[in-house]
Each structure stands twice: as C-alpha cells, then as structure tokens.
Amino acid sequence: MPTPQPLPRHSSRPGRLTAASLYIVIVVALVIALLCEALIAGAFYYRAYHAQRNRLDRLDNRVSSGLNLILSDGRRADYRNELVDLFERGADTVRLSRYFWGGFDIGVSRAGSGRDSAFSAILIGNELDSLSRFAIWLADEDRPLSVSGRTAVVGDVYLPKAGVRSAYVNSHSYEGEPGFIAEVHRFSKRELPEPDILRLARIDQSFSAGQAEERFIPDTLTASFGLPTREYRLKAPFTLKALSLQGNIIIRCDSLLTIDSTAALEQVMIFAPAIVVRPGFRGRCQLFARDSISIGDRATFAYPSVAAVLRTRAEEAGKQGFIRFGRSCSFSGGLLAWEKTPGVFPPAVYLGPKGTYQGQIYTGLLGLGDSTAIAGSVTCRRFFYRSGFSNFENYLIGARIDAHALSPFYLSPAVFPGQGASTKKIVQWLK
C-alpha cells in the first residue's frame with residue numbers, strides 16, 4: 001500500500017496581511033483623504049468666490065444707481081466726492097462727482113465695501129428734442145436766402161421773412177428738387193438764439209485756470225477719470241507729435257499750439273490762443289481757442305469732438321475769430337464760433353470742399369466749400385461762398401444740409417442753444 005503523504009504547510013500564519021497589502025491600504029486612505037480635502041477646499045473657495053461676486057454685484061448696483069442720480073438731477077453740477085446714502089440706512093452709500101469737461105460734463109460714481117471697490121465714469125450730453133433737430137436757423141437781416149446749383153436742404157428751417165429765391169451763379173441756376181423747403185418753414189429773428197452763457201464763461205475761465213500743472217508732457221499717457229486730472233501748461237509755441245494721450249488730461253498753451261498728424265488724442269481738452277492741426281490728423285478731442293483753429297486737409301475728428309473759438313475780451317473786438325477746415329475733412333460733434341460783443345467782423349466757420357460734417361454748427365458767418373455735406377443743424381447770421389474773385393453772402397451753392405441724416409442717438413454738447421432743460425444721457429463710457 002502506498003504511504004500517505006502529509007498535507008503541505010503554508011509559509012505564513014493565518015489572519016495576517018503582507019507588507020504590500022498594508023502599503024496599498026495606506027495609499028488608498030491617503031488618496032481618499034486628499035480627495036476629501038479637495039472637496040472641502042473647493043466648497044470653501046466656491047462659497048468665498050460667490051460671496052465676493054455678490055459683494056461686487058452689490059457695488060456695481062450701487063454705482064449704477066449713483067450714475068442714475070447724476071443723470072436725473074440736471075440742475076446740479078460741479079460737485080466732487082459727495083456722499084449719498086441711497087436708501088437712508090447707512091449701508092448703501094456712494095460718492096458722486098459731476099464736473100465740467102468742455103462742452104460736456106463728466107459723471108463719476110464710486111462705491112466701496114471693505115477692501116472691495118468699484119467706480120464708473122461717463123461723458124454726459126444732452127438729448128435733442130424735436131425743436132432742436134432743424135436744418136437751418138438763419139438770422140433775419142432783411143434779405144433772402146439765395147440757392148443755386150444742386151443745393152438740398154432736408155429738415156425744418158428758420159428763415160428770414162424775405163424767404164428763398166433761385167440764383168444764377170457760375171453759369172448754373174438752381175438745379176435741385178422743385179420744393180426746396182419740403183418741411184416746416186418758420187420765420188427767424190434778427191438775433192441768433194443765445195448759447196449757454198454760463199458754460200461759455202466756464203470755458204473762458206479754463207484758459208487760465210489750473211492747479212498743480214506740469215511742464216513736461218510724456219510720450220504715452222492714459223489718465224483715468226477716477227483719478228485727479230493731469231494738467232499741463234506750455235509757455236512757448238509747442239508741437240504735439242509722436243505721442244499718445246488718452247483720458248483725463250488738460251493741456252494749456254500760452255502761445256500757438258500745433259497738433260501733428262502723428263499725435264493720438266482721445267478725450268483730451270486743449271486751450272490755446274491759436275491751434276493748428278496738421279493734415280491727416282485723426283483723433284477725438286475738444287479744442288478751444290481765442291483767435292483761430294486751422295485744420296489741415298484730410299483731418300478726421302471722431303464723435304464726440306468739439307472745436308470752439310471764443311471772443312470774450314474787449315481788445316479782441318476788432319479781429320475776426322475763425323475755424324477753418326481744409327479739403328476732405330471729417331468732423332463729428334460741435335463747432336462753435338462766438339463773440340461776447342458783436343463787432344464789425346463776425347466770427348466764422350469755413351468748411352473746406354468735399355468735407356463731411358455731422359452734428360451742430362453755431363457761428364456768425366458760415367463759409368461753405370464745393371460739395372460740402374452737413375448732417376445736422378446750422379445756426380448762423382449769414383452764409384458765405386467764394387468763387388474765384390467773387391464773394392457771395394447768403395448764398396447756398398451746391399451744398400447739402402440734412403437734419404434727418406444726423407443719428408437719432410446723437411447727443412449734443414451742452415453749450416448750444418436750447419439745451420438747458422434737455423434730458424441728460426450717456427455719450428460715452430470712460431475709463
């Protein structure tokens with residue numbers, strides 16, 4: 001009989017784990033712990049983010065409410081950092097500022113909570129009502145308006161009682177539509193509607209006013225409207241060239257200031273006795289002069305720009321202030337040439353040939369070049385046209401003035417007539 005074999009013995013004792021199994025258990029436990037920690041940290045940061053987002057949203061709502069207060073209160077202006085409690089509970093406060101910025105106003109609303117803060121700045125303009133959306137307001141000097149060539153006027157007009165007549169100029173009679181005045185025709189008055197005298201006085205003061213003015217203008221500067229204005233004063237004739245200036249910046253010059261085509265200006269205000277803009281310039285700014293503004297060929301001023309010549313001093317009464325454009329220029333905004341005391345030579349705006357102009361024009365004398373197109377309104381004492389050695393006053397020759405071509409979203413600078421009770425709206429969001 002075969003001998004029975006003994007059963008094999010295991011090398012390890014029953015109920016014990018190997019070292020490798022224990023290592024795997026520790027690793028799995030560590031991974032689970034890390035996942036739990038990640039979930040707890042994620043929940044914490046998620047809650048913290050949403051709490052911060054809620055605070056920022058609350059600040060943004062307070063800032064928006066502050067801007068609405070600025071826009072709704074059109075009677076008050078020129079205040080800074082005024083503390084306002086929105087709901088009179090002490091928890092929702094904002095600091096509001098509204099101050100003069102040339103033809104427009106700047107509105108700033110700030111709100112803060114702990115280490116969080118928010119602010120918004122806007123450029124404020126006036127909405128045009130139906131009475132302000134006219135094509136021509138021509139002062140009544142007891143003589144008619146003469147038209148020749150392919151002249152076209154679209155929109156309401158205010159004309160002298162002498163009316164309109166067809167004229168024969170440069171071998172051409174009137175070649176436009178049979179009904180020259182297709183819309184409402186009202187009689188004008190001898191004196192032009194008065195612009196905003198208080199704002200003109202503020203602009204006049206700004207030629208000499210200024211605090212903490214600097215002498216050196218950097219090549220590149222972006223100034224926030226949430227910070228104090230950067231002001232520069234230049235004593236001698238100066239040329240702005242090969243630089244980029246944007247935002248809350250004022251430049252004053254005591255002599256001739258020249259703006260080269262290589263200068264990039266955005267929302268900058270400039271005050272000088274005389275300003276020359278070289279051909280090819282492109283920008284968006286406000287120019288104010290006492291004597292003249294001369295703008296070269298192919299210059300482009302984007303909306304909302306302002307160019308104004310103000311004659312307020314007695315010694316300036318014998319001189320003519322003017323704004324003169326070259327050929328093929330484009331301007332969108334407001335043009336104003338005004339004198340405090342009427343003199344022998346009324347202030348003038350000369351629009352170059354083949355130019356396009358959108359917005360409002362207010363002047364004593366308006367000179368129109370060939371193929372000039374105006375989308376907006378004109379307020380003047382008389383028109384002027386030169387052909388060779390002949391000068392024609394109160395003649396429209398081949399010009400087009402179209403009030404309906406002006407954008408319905410156009411907002412006017414506050415300096416123009418009839419803007420006192422207008423609705424205030426946002427022209428542009430500022431940084």
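In the predicted model, strand β11, which spans residues 220-223, presents two unlike faces: L221 and A223 make up the covered one, whereas T220 and T222 make up the uncovered one. Such a division is in keeping with the general rule that side chains in a regular strand alternate between the two faces of the sheet. Strand β11 is paired in the parallel sense with strand β14 (residues 244-247) through four bridges. Within this pairing, T220, a residue of the uncovered face, has S244 of β14 as its bridge partner.

Strand β19 (residues 300-311) is mostly covered, with 10 of its 12 residues buried. Two parallel pairings involve this strand. Six bridges connect β19 to strand β18 (residues 282-295), and A289 stands opposite V309 of β19. Nine bridges connect β19 to strand β21 (residues 330-339), where E339 is the bridge partner of R311. R311, placed in strand β19, has a relative accessible area of 4% and is therefore classed as buried. The side chain of R311 also makes a polar contact of 2.9 Å with the side chain of D291. Strand β19 further contains P304, and the peptide bond leading from Y303 to P304 is cis, with omega near 5°.

A separate open sheet consists of three strands in the order β9-β6-β28, with parallel pairing. Strands β9 (164-166) and β28 (395-397) occupy the edges and have a single partner strand each, so one side of each lacks a neighbour in the sheet. On average, neighbouring strands of this sheet are turned by 25° against each other, direction ignored. Strand β6 (residues 145-148) runs parallel to β9 and is joined to β9 by three bridges; V147 stands opposite S166 of β9.

Positive phi values were found at two residues that are not glycines. D142, in the loop between β5 (134-138) and β6, has a phi of about 60°. Q267, in strand β17 (residues 264-277), has a phi of about 65°. The surroundings of the two residues were then considered. D142 counts as exposed because its relative accessibility is 57%, and exposure requires over 50%. Q267, by contrast, is buried, with a relative accessible area of 5%.

A search of the whole structure gave 19 salt bridges. One of them pairs E191 with R381, the closest N and O atoms lying 2.8 Å apart. E191 belongs to the loop between β10 (185-187) and α2 (197-206), and R381 to the loop between β25 (373-380) and β26 (382-387); the pair therefore ties together parts that are 190 residues apart in sequence. E191 is partly exposed, at 49% relative accessibility.

A salt bridge with an N to O distance of 3.5 Å joins the side chains of K235 and D254. This pair links distant parts of the chain, 19 residues apart, with K235 in the loop between β12 (230-234) and β13 (238-240) and D254 in the loop between β15 (249-253) and β16 (256-259). K235 is exposed, with a relative accessible area of 52%, while D254 counts as partly exposed at 37% relative accessibility.

R382 and E393 form a further salt bridge, with 4.0 Å between the closest N and O atoms. R382 lies in strand β26 and E393 in strand β27 (residues 390-393), so the pair ties together parts that are 11 residues apart in sequence. The relative accessible area of R382 is 17%, which places this residue in the buried class, whereas E393 is partly exposed at 34% relative accessibility. Both residues belong to a network of salt bridges that also includes E141 and R143.

On the surface, a nonpolar patch is formed by Y23, I24, V27, V28, V31, I32 and L35, which together have about 670 Å² of accessible area. Of these residues, I32 is located in helix α1 (residues 19-72) and is partly exposed, with a relative accessible area of 47%.

Finally, G418 lies in the loop between β30 (411-412) and β31 (424-430) and counts as exposed at 54% relative accessibility. The C-alpha atoms of G418 and L128 are 8.9 Å apart in space, although 290 residues separate the two in sequence.

Methods
Residues are numbered from 1 along each chain as its sequence is written. This is a predicted model: local features need pLDDT of at least 70, side-chain atom pairs count only at pLDDT 80 or more; totals for chains, interfaces and linings use all residues. Side-chain values use heavy atoms; hydrogens and water are left out. Patches are made of residues with over 30% relative accessible area and no salt bridge: like charges are joined within 9 Å, nonpolar side chains (Val, Leu, Ile, Met, Phe, Trp, Tyr) within 5 Å. Accessible areas come from the Shrake-Rupley method with a 1.4 Å probe; for residues, only the protein chains shown count as cover. Buried means under 20% relative accessible area, exposed over 50%, partly exposed in between (1.4 Å probe, protein chains only). Two strands pair if DSSP finds at least two bridges between them. Axes are lines fitted to C-alpha atoms, for helices over the stretch in contact, and angles run from 0 to 180 degrees between N-to-C directions. A polar contact is a pair of N or O atoms within 3.5 Å; within protein, one must be able to donate a hydrogen and the other to accept it, and residues adjacent in sequence count only if both atoms are side-chain atoms.
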